[in-house]
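Work through the exercises below with the sequence and the model open beside you. Try each task before you read its solution.

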Amino acid sequence: MIQLESIDVTFEPGTPLEKVALQGLNLTITTGQFVTVIGSNGAGKSTLLNVLSGEIRPDRGRVTIEDQDVTKWPTYKRAKLVARVFQNPLAGSCADLTIEENLALAYRRGRSRKLGKALTAKVRQDFRLQLARLELGLEDRLGDRMGLLSGGQRQAVSLLMSGLASNQILLLDEHTAALDPKTADYVLRLTRELVSERQLTTLMVTHSMKQALMLGDRTIMMHEGQVILDVAGEARSRLTVNDLLQQFSQLRGEELADDALLLD
Ligand SMILES: Nc1ncnc2c1ncn2[C@@H]1O[C@H](COP(=O)(O)OP(=O)(O)OP(=O)(O)O)[C@@H](O)[C@H]1O
């Protein structure tokens, strides 16, 4: 279970640039739940993920993962529990290392040094099998530099990498936004498969209401640093993109300026 209690984050406090990104945010996510996160620009979605990954330490509040208070844990320590895939396909892997070296780095994360050090034939074979499931022919390109791959291929490998480590939490930050529609669909299908296979507790930020309702089992909407809508179960399965848009406008008390973006 992930618990965020009374989380406050303010950037540049006490300056003319002061910006409250999260205010009194409370959120509990049960283990294995797949939560999609929507909200307007600047609503605090990425900050929420940053607080979970440890990139940002909240000014106030507590972050608990499986009953461990991780609020003060630095990012490298959290990496044992938390994996992340970013919008930019270049951000999740190292371009100058080979596909195999990238996979090996992910594999080692969270494992003891002794276990992680040796890349046994069995582990290599597992890498090949994992890559083969992508159906991109990458299983025969273990020695190729990551930088040679397309954006979609890199995102697919980043997803695999996030599943190779022993972590339990997956954070997806608009991870299909930079891909063409066909590749985005492919990466979403892969996301769904990996999350359900590995029973990862997942938070997926998206600007697409359609994606938000199509994937996962719970949707939260953020606005001005708070959760303003939280739906799951039957209530969620009945929701249409239009309902969601309407609720969004109502809850915000204003008309949406970026409907087109959110309807994608
Ligand atoms: N490092 C930073 N320094 C200063 N302000 C920041 C920083 N990071 C975020 N902010 C501000 O905090 C607020 C929340 O930002 P955040 O990136 O979490 O929003 P978001 O919901 O992810 O938005 P978007 O959909 O545009 O990515 C915004 O007003 C943003 O400008």
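**Exercise 1: a helix and its burial**

Task: find which residues of α3 are buried.

Solution. The buried residues of α3 are Ile99, Glu100, Asn102, Leu103, Ala104, Ala106 and Tyr107, where a residue is called buried if 20 or more other C-beta atoms, placed from the backbone, lie within 10 Å of its own, exposed if 12 or fewer do, and partly exposed in between. Helices (H or I, at least four residues) and strands (E, at least two) are DSSP runs, numbered from the N terminus. Because 7 of the 10 residues of helix α3 (residues 99-108) are buried, this helix is largely enclosed by the rest of the structure. Leu105 also belongs to helix α3, but Leu105 is partly exposed, with 16 other C-beta atoms within 10 Å. From Leu105, go on to Met161: the two are 56 residues apart in sequence, and their C-alpha atoms are 8.5 Å apart in space.

The model is a predicted one, in which local features need pLDDT of at least 70 and side-chain atom pairs count only at pLDDT 80 or more, while totals for chains, interfaces and linings use all residues. Residues are numbered from 1 along each chain as its sequence is written.

**Exercise 2: the chain as a whole**

Task: state how many helices and strands the protein chain has, and decide why it can be called as compact as a globular protein of its length.

Solution. Begin with the elements, which are 11 helices and 10 strands. The radius of gyration, taken over C-alpha atoms, is then set against the globule rule, 2.2 Å times the number of residues to the power 0.38. The protein chain has a radius of gyration of 19 Å, close to the 18 Å that the rule gives for 264 residues, so the chain is as compact as a globular protein of that length. Its C-alpha trace spans about 60 × 40 × 40 Å along the principal axes, and buried residues make up 38% of the 264 residues. As for confidence, the average pLDDT (the predictor's confidence in each residue, from 0 to 100) is 89, and 91% of the residues score at least 70.

**Exercise 3: the nonpolar core**

Task: identify which members of the largest nonpolar core touch the most other members.

Solution. A nonpolar core is a set of buried Ala, Val, Leu, Ile, Met, Phe, Trp, Tyr and Cys residues joined through C-beta atoms within 7 Å. The largest one has 61 residues, of which Val37, Leu103, Ile169 and Leu171 touch the most other members. Helix α6 (residues 151-164) gives the most to this core, with 6 residues. Turning to Leu171, and leaving out residues up to four places away in sequence, one finds that it touches Leu49, Leu52, Ser53, Val82, Arg84 and Leu203, a contact being two C-beta atoms within 7 Å.

**Exercise 4: the shell around the ligand**

Task: determine which element gives the most to the shell around the ligand.

Solution. A residue is near the ligand if its C-beta atom lies within 6 Å of it, and the residues that surround the ligand include Phe11, Glu12, Lys19, Lys45, Ser46 and Thr47. Both β2 (19-29) and α1 (45-53) supply at least two residues of this shell, and α1 gives the most, with 3 residues.

**Exercise 5: an unusual backbone angle**

Task: locate Asp67 and decide whether it is buried or exposed.

Solution. Most residues other than glycine have a negative phi. Asp67, however, has a positive phi of about 65 degrees although it is not a glycine. Asp67 sits in the loop between β4 (60-65) and β5 (68-69), and with 7 C-beta neighbours inside 10 Å it counts as exposed.
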